Amino acid sequence: MAQAYKAETDSGGSEPERPDSRLRRLVGGWRGDPGIWRRGLVTAGCAVLIGLVMLLHAQIPNGVGNLGSLTETFLPWLGVFVPVLLVIAVVRKSAIALIALLLPVSAWFSAFGGLMTDKSGSGGDLTVATHNVNADNPDPSGTARDVAASGADVIALEELTSGAVPTYEKALASTYKYHSVQGTVGVWSKYPLSGTRPVDIKLGWTRALRTTVDTPKGEVAVYVAHLPSVRVKLDAGFTAGQRDDSADALGRAIRRESVGRVVLLGDLNGTMNDRALNAVTSQMRSTQGAAGDGFGFSWPASFPMARIDQIMVKGVEPVSSWTLPETGSDHLPVAASVDL
């Protein structure tokens with residue numbers, strides 16, 4: 001009977017394998033394997049290349065299809081390749097690939113790690129919002145109400161058409177007593193406006209304005225701008241020449257501003273990383289970078305991949321910055337609160 005019981009016990013089901021046993025077996029499979037330093041050279045090379053692009057993107061020339069600006073526009077997305085390469089390195093049991101991955105990981109966190117924390121505060125003396133409403137917006141009235149629901153004291157709208165302007169004016173009239181439309185851009189404010197004028201950004205028609213907002217805490221110069229669109233073409237690369245010239249003109253106008261506190265609102269068709277916007281970004285701070293939560297991507301609205309809709313400030317302190325829900329536009333609205 002004892003022998004029968006023992007045999008019966010030995011032939012029974014075994015206990016489930018513990019996770020630490022699987023880990024030891026995995027590590028043991030690497031130990032003593034000289035191939036771990038020879039396998040995965042291609043994976044390691046890809047990791048080093050991605051890391052170098054993130055570290056040295058400013059050295060990528062713009063002379064051929066504005067390749068440098070194109071890379072900088074989507075620079076954060078290079079981090080997507082790191083987990084893929086990590087899986088390949090583990091499956092291939094490549095120590096050299098794992099070590100090489102330290103370069104892109106360090107470069108990515110050095111450049112964008114600060115955006116992964118929530119830096120937003122509460123309160124603020126002035127809340128502003130900006131939205132490229134899209135000329136083909138099927139519901140301008142609803143879009144206006146959605147942006148106004150942010151509670152912004154000042155709203156900037158871009159890509160306004162002459163036919164849609166009366167709709168926006170009617171929808172916002174009850175909340176915003178003061179407004180001005182210059183060409184295809186407009187500003188609506190709860191506080192009085194003065195000195196409103198077009199800003200020449202070298203296009204031949206008006207897509208930028210400047211106004212003074214008389215807030216309870218004093219004057220603030222507000223710029224609204226819609227820089228020219230960029231295109232990615234197989235035969236021409238990143239066609240952004242006109243955008244770049246307009247950015248330089250806008251930067252010069254802001255540099256000449258006599259009011260100490262300045263807020264820039266608009267669709268700049270470029271990110272803070274894009275060197276072509278240096279004339280603007282070198283003298284202003286991004287509210288998203290200073291007081292936002294995450295990247296704050298705003299375009300395209302269906303699957304945001306880049307923040308090309310910007311709120312930048314000079315002489316004021318960002319308190320919070322956020323992206324608003326989708327409207328009838330192909331852009332998301334963005335908002336921020338600042339201390340004056």
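1. Let's start with how two helices cross. In this predicted model, helix α3 passes helix α7 in a left-handed crossing. For your orientation, α3 covers residues 41–55 and α7 covers residues 102–112. The two pack at an angle of about 25 degrees, and their axes lie 7 Å apart. Angles under 35 degrees count as roughly parallel, so α3 and α7 are roughly parallel to each other.

2. Which residues in α3 and α7 meet? On the α3 side you will find A47, V48, I50, G51, L52, M54 and L55. Their partners in α7 are L103, P104, A107 and W108. By character, the residues of this contact of α3 with α7 divide into 10 nonpolar, one polar and no charged. The polar one is worth a quick look on your screen: glycine counts as polar here, and G51 of α3 is among the residues in the contact.

3. Helix α3 has another neighbour to show you, helix α5, which spans residues 81–92. Here the packing angle is about 160 degrees, with the axes 10 Å apart. Angles over 145 degrees count as roughly antiparallel, which makes α3 roughly antiparallel to α5. The crossing of α3 past α5 is left-handed.

4. What makes the contact between α3 and α5? From α3 come T43, C46, A47 and I50, and from α5 come F81, L85, I88 and A89. The residues of this contact divide into seven nonpolar, one polar and no charged. If you are clicking through the model, pause at A47 and I50 of α3: they take part in the contact with α5 and also appear in the list for α7.

5. Next, please have a look at helix α8, residues 140–148. Which of its residues are buried? They are P140, G142, T143, A144, V147 and A148. Among the elements covering these buried residues are the strands β1 (126–132) and β2 (154–158), together with helix α9 (165–172).

6. Finally, a few figures for the whole protein chain. The chain has 12 helices and 14 strands. Of its 340 residues, 47% are buried. The accessible surface comes to about 16500 Å², and carbon and sulfur atoms account for 58% of that surface. As for how the sequence folds back on itself, take the contacts between residues at least 6 apart in sequence: 67% of these join residues at least 24 apart.

Methods:
Residues numbered from 1 in each chain as written. Predicted model: local features only at pLDDT ≥ 70, side-chain atom pairs only at ≥ 80, totals over all residues. Heavy atoms only, no water. Axes fitted to C-alpha atoms, helices over the stretch in contact; angles between N-to-C directions. Helix = DSSP H or I, 4+ residues; strand = E, 2+ residues; numbered from the N terminus. Parallel < 35°, antiparallel > 145°, perpendicular 65-115°, else oblique. Left-handed = near helix turned anticlockwise from the far one by under 90°. Contact = heavy atoms within 4.5 Å. Buried < 20%, exposed > 50% of the residue type's maximum accessible area, 1.4 Å probe, protein only. Areas by Shrake-Rupley, 256 points an atom, 1.4 Å probe, with all protein chains shown as cover.
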